[in-house]
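Biologist: Got a minute to go through this one with me? Let's start with the pockets.

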Amino acid sequence: MRRVNDHAPRPAVLVTRRLAPGVAERLTACDLRYHDSEQPLGRAELLAAAAGCSALLTTLDDTVDAELLDAAGPTLRLVANHAVGTHNIDHAACAARGVAVSHTPGVLTESTADMAWALLLAATRRLGEGERLLRSGRPWAWAPTFLLGVELSGTPLGILGMGRIGRAVARRAAGFGMPVSYHNRNRLPADLEQGARHLPLDELLASSPVLVVTAPLNAATRHLVDAERIALMPAGAVLVSMTAGVVDEEAVAAALASGHLFAAAVDNFEHEPAVPAALLAQERAVLAPHLGSATVRTRQAMGNLAVDNVLAVLAGAEPPTRVSPPPPTAAPRS
Ligand code: GLV
């Protein structure tokens with residue numbers, strides 16, 4: 001843990017992970033506790049480092065619960081999550097303590113949609129298998145029937161979760177001439193739908209030879225795409241999961257093993273960094289280590305947005321990308 005300026009009686013800010021270049025430097029006017037490492041803090045270290053902080057700049061790996069909030073103590077005003085998702089955070093516990101929660105929406109939309117397409121293309125065109133074959137040194141020969149994939153051009157695309165990222169995935173489909181259907185809790189207004197068709201979930205699954213899942217993880221979406229729902233998809237379908245926990249990873253592995261799914265791709269995992277052995281065993285699974293937003297530009301923008309939230313709160317202002325205001329019954333922080 002690197003402490004910067006800890007001689008001064010300034011608000012303490014804990015940054016739990018190394019940030020993109022130039023971002024943490026914006027916090028040097030604070031008592032900055034910077035975990036300048038790509039590895040997460042252990043729980044005991046996290047609890048100790050949070051003590052007396054005014055703001056915590058956290059990642060999805062940090063469980064923000066009552067224990068951590070209490071370890072930080074009554075000075076804490078903000079949890080600034082370096083992610084668009086906030087399923088690592090106990091919102092009720094934050095609200096009960098008058099602690100605001102912010103996240104980083106918008107700035108990771110395009111890079112994450114690009115990654116969904118990278119995975120969709122890799123899965124449908126069997127790039128992982130092909131690369132592994134070449135690197136293995138095993139003999140191979142071009143043949144009319146060799147490593148044939150699924151052609152995306154003109155194929156209907158289903159999107160589960162038509163928020164910012166889902167809509168960015170849909171925009172890219174126009175270049176492939178793919179008609180888009182989607183499922184969302186609420187139907188979008190026509191200007192946001194951009195010609196995509198809203199369907200009930202099970203109808204979407206049944207009519208999607210190619211499905212991209214971008215719905216955020218919450219209590220209502222956990223394992224929404226389970227074995228039964230995967231069975232609704234057409235035989236030979238391809239499934240891409242961009243949100244950990246919404247798709248049941250074991251069910252995906254089983255559907256690949258049975259041949260019901262032609263291929264699948266998963267960008268982040270429910271129990272990271274663990275990856276289910278059943279998925280690793282599937283040649284037709286394209287597996288990425290949570291790379292959705294991993295570009296220099298996006299990670300700088302995410303870091304800067306998280307820091308903007310911290311600086312706003314330290315200046316007594318409203319965090320610009322607060323997740324939701326605390327319920328009116330929440331006790332004000334004394
Ligand atoms: C990424 O997984 C995020 O929620 O930002």
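Modeller: Sure. The second largest pocket is lined by R125, R126, L127, G130, E131, L133, L134, W140, F146, L147, L148 and G149. A pocket here is an open set of points on a 1 Å grid over the protein atoms alone, with protein on both sides within 12 Å along at least five of seven lines, and lining residues have an atom within 4 Å of a point.

Biologist: Before I go on, what sort of model is this?

Modeller: A predicted one: local features need pLDDT of at least 70 and side-chain atom pairs pLDDT 80 or more, while totals for chains, interfaces and linings use all residues. Residues are numbered from 1 along each chain as its sequence is written, and side-chain values use heavy atoms, leaving out hydrogens and water.

Biologist: OK, how much space lies in the second largest pocket?

Modeller: About 240 Å³, counted as the space filled by probe spheres set on the points. Its lining has seven nonpolar, two polar (Gly is put in this class) and three charged residues.

Biologist: New topic: which residues touch the most other members in the largest nonpolar core?

Modeller: L120, L157 and V169, out of 34 residues. Such a core joins buried (under 20% relative accessible area) Ala, Val, Leu, Ile, Met, Phe, Trp, Tyr and Cys through side-chain atoms within 4.5 Å.

Biologist: And which element gives the largest share of this core?

Modeller: Helix 4, with eight residues; helices are DSSP runs of H or I, at least four residues.

Biologist: How is the chain divided into domains?

Modeller: Domain 1 is 2-107 + 296-314 and domain 2 is 109-287, with C-alpha centres 32 Å apart.

Notes: Buried means under 20% relative accessible area, exposed over 50%, partly exposed in between (1.4 Å probe, protein chains only). Helices (H or I, at least four residues) and strands (E, at least two) are DSSP runs, numbered from the N terminus. On a 1 Å grid over the protein atoms alone, a cavity is a set of points where a 1.4 Å probe fits but cannot get out, and a pocket is an open set with protein on both sides within 12 Å along at least five of seven lines; lining residues have an atom within 4 Å of a point. Domain bounds come from an automatic or database domain assignment.
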